[in-house]
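Please read the following account with the sequence and the structure side by side, and follow each step on the model as it comes up.

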Amino acid sequence: MELYLKKLYYRFRYFFDSKLLKMKNYFLNGNINVEDGANVNFMDIMIYDARKRNLNVQIGKDSIIHCDIVLYKHDSKVTIGDRVFIGEGTKIYCYDSVEIKDDVMISWGCTIIDTNAHSISFEERKNDVVAWKKGYQFKDWSNVKFGKIVIERNCWIGFNSIVMKGVHLDENVIVGAGSVVTKSFSKNLIVGGNPAQVVKQVE
Ligand SMILES: CC(C)(COP(=O)(O)OP(=O)(O)OC[C@H]1O[C@@H](n2cnc3c(N)ncnc32)[C@H](O)[C@@H]1OP(=O)(O)O)[C@@H](O)C(=O)NCCC(=O)NCCS
C-alpha cells in the first residue's frame, strides 16, 4: 500500500512538474526544449535577469533530469544531451554556457558553476547585495570571472562534487565523490579530491 501511494505520488509529481515547466516556458517566452522520452522531475529554472526573458535550455532524448538550473542572464545557455542523468539536489548555475554531452551521469548533490558570481576585489563587489535587493539586473558583472563548462560524452560525476568555471572534462572522465574540479582533464581518467587530481587511468 505504502509503495503504491509512493508510486502514485511520484507519477503525480512528474505530471505536475512537466506541466509546470511547460507553463513556465510559455509565460517566460523561453526556449526550453525537452526531447522525447526525457523525464524532467522536480526541476526548477530560475532566471535572475528579468529584463529580457529568453531561456535557453535544451534537454536531450531519454534523459532523466532532477536538477535545478539558475540562469544569471538573459542569454545564459544550458545544453544537456541524450540519455543524461542528473540527480536530485544538483544545481547548475550558468552565467555563460554549460554543456553536458550525451551519456553523462551526474550524481546527487553536485554543483556546476561557470562563474565566480562576485569579483574577488571588495571595491568591485561591495554593491552586489544592494544591487541584488533592487533586482539582479542591476548587478555589475563586468569584473566577475567566468568560463564555459563542457562535460564530454560518457563522463560520470560522483555525488556531492563541484565543477568550477572553465573546466573541460574530456570523454569518459570519472570524478570521485566529494571532489572539487577546478581544472580540465583529458579523457579516460579517474580524478578526485580537493582540488581534484588524477587518481588513475580508466581500464
Ligand atoms: C571514483 C570511484 C568510482 C573509483 O572507484 P574505484 O575504482 O573502486 O577506486 P578505489 O576505491 O580503488 O580507489 C582508487 C584510488 O582513488 C582514491 N579515491 C577514490 N575515491 C576518491 C575520491 N572520491 N576522492 C579522492 N580520491 C579518491 C583512493 O583513495 C585510491 O587511492 P590510492 O590508489 O592512492 O590508494 C569511487 O571512488 C567513487 O567516488 N564512487 C562514488 C560514485 C558515486 O557517486 N555513486 C553514486 C551514484 S551515481
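A good place to enter this predicted model is Ile174, whose bridge partner in strand S19 is Ile190. That pair belongs to the contact between S17 and S19, two strands that run parallel and are joined by 2 bridges. On the other strand that S17 pairs with, S14, the bridge partner of Ile174 is Trp156; here residues 156-157 of S14 and residues 174-175 of S17 are again joined by 2 bridges, and the strands run parallel. Returning to Ile190 and continuing into S20, one finds Lys200 as its bridge partner, but S19 and S20 run antiparallel, with 4 bridges between them.

These strands are part of an open sheet of 8 strands, arranged in the order S2-S5-S8-S11-S14-S17-S19-S20 with mixed pairing. Its edges are strand S2, residues 39-40, and strand S20, residues 197-201, each of which pairs on one side only.

The turn from S19 to S20 deserves a careful look at the backbone. The hairpin has 4 residues between its strands, and Gly193 takes a positive phi near 100° there. In the loop between S19 and S20 one also meets Pro195, which is joined to Asn194 by a cis peptide bond with an omega of about -5°.

The same two strands lead to the ligand, since S19, residues 189-192, and S20 each supply at least two residues of the shell around it. In total 14 residues surround the ligand, and the closest are Ser107, Gly158, Gly176, Ala177 and Gly192. Sorted by class, this shell holds 6 nonpolar residues, 7 polar residues and 1 charged residue.

Which residues other than glycine have a positive phi? One of them is Asn160, with a phi of about 60°, and another is Asp62, with a phi near 55°. Asn160 lies in the loop between S14 and strand S15, the latter spanning residues 162-163, whereas Asp62 is placed in the loop between strand S4, residues 56-59, and strand S5, residues 64-65. Asn160 counts as partly exposed because it has 16 C-beta neighbours inside 10 Å, a count that falls between the limits of 12 or fewer for exposed and 20 or more for buried. Asp62, with 14 other C-beta atoms within 10 Å, is therefore partly exposed as well.

Definitions and conventions. Residues numbered from 1 in each chain as written. Predicted model: local features only at pLDDT ≥ 70, side-chain atom pairs only at ≥ 80, totals over all residues. Pairing = 2+ DSSP bridges. Near = placed C-beta within 6 Å. Nonpolar A, V, L, I, M, F, W, Y, C, P; charged D, E, K, R; others polar.
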